[in-house]
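Here is a quick tour of one chain, written to be read with the model open beside it. Have a look first, then follow along.

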Amino acid sequence: MSAHQYDHGHTVAGWTGVAIAAVGTSLVGLAVCTSSVAALVAGLGIDAVALLVTWVLHLVGWGKPPGRRPRAQWPMRVRDDGARAGHGGCLGCRLAGRGRRRELVGAEVETAKALG
């Protein structure tokens, strides 16, 4: 049995985004040290690209939802089959318009049950 009982979310989307963001943030740091506005803008642009790349990779299934997952889905190279429907509680999926429909339908059913 391993020391931890759940996946920490190591995904292709996460690692790719971190690698790109590290380059952009390093450029921002260099810009601050050298007082270069061009390097600052370029670094912030690279960081924005990192955010978009991570989000797109998450939406196509290379990211995973927050919370616990079955052990078979822990490896980094396993795609998430539920990405197209959206993940409940996932800001990235909500921004893409995914998952909200399921949550609303569930809420409407609960409201109907409560009203009788």
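## Leu 91 and the greasy patch

Leu 91 lies in helix H3; helices here are DSSP runs of H or I with at least four residues, strands are E runs of at least two, and both are numbered from the N terminus. This is a predicted model, where local features need pLDDT of at least 70, side-chain atom pairs count only at pLDDT 80 or more, and totals for chains, interfaces and linings use all residues. Residues are numbered from 1 along each chain as its sequence is written, and side-chain values use heavy atoms, with hydrogens and water left out.

Is Leu 91 buried or exposed? It counts as exposed, because its relative accessibility is 53% (buried is under 20% relative accessible area, exposed over 50%, partly exposed in between, with a 1.4 Å probe and protein chains only). Leu 91 joins Leu 52, Trp 55 and Leu 95 in a nonpolar surface patch of about 410 Å². Helices H2 and H3 (91-95) each put at least two residues into that patch. As for what qualifies, patch residues have over 30% relative accessible area and no salt bridge, with like charges joined within 9 Å and nonpolar side chains (Val, Leu, Ile, Met, Phe, Trp, Tyr) within 5 Å. A salt bridge here is a side-chain nitrogen of Lys or Arg within 4 Å of a carboxyl oxygen of Asp or Glu.

## The chain as a whole

There are four helices and zero strands, so the order from the N terminus is simply α-α-α-α. Of the 116 residues, 22% are buried. The accessible surface (Shrake-Rupley, 1.4 Å probe, with only the protein chains shown counting as cover for residues) comes to about 7900 Å², and carbon and sulfur atoms account for 67% of that. Take the contacts (heavy atoms within 4.5 Å) between residues at least 6 apart in sequence: 47% of them join residues at least 24 apart.

## H1 and H2

Helix H1 covers residues 12-34, and its end C-alpha atoms sit 33 Å apart. That agrees with the expected 33 Å, because its 23 residues are counted at 1.5 Å each (strictly, 1.5 Å times one less than the number of residues). H1 buries Ala 13, Gly 17, Gly 24, Val 28 and Ala 31, and their cover includes helix H2 (37-62). Right after H1 comes Ser 35, with a positive phi near 55°.

On H2, the buried set is Ala 39, Gly 43, Ala 50, His 58, Leu 59 and Gly 61, and these pack against H1 and H3. Val 56 is also in H2, but at 46% relative accessible area it is partly exposed. Its C-alpha is 9.6 Å from that of Ala 96, 40 residues away in sequence.

## A buried Asp in the loop

Asp 80 is found in the loop between H2 and H3, and it is buried, with a relative accessible area of 12%. Skipping neighbours within four places in sequence, Asp 80 touches Gly 61, Gly 63, Lys 64, Pro 65 and His 87.

## Cysteines

How many disulfides does the whole structure hold? Zero, going by pairs of cysteine sulfur atoms within 2.5 Å. Cys 93 is buried at 1%, and its closest cysteine sulfur, in Cys 90, is 3.7 Å away, too far for a bond. Cys 33, by contrast, is exposed at 68% relative accessibility.
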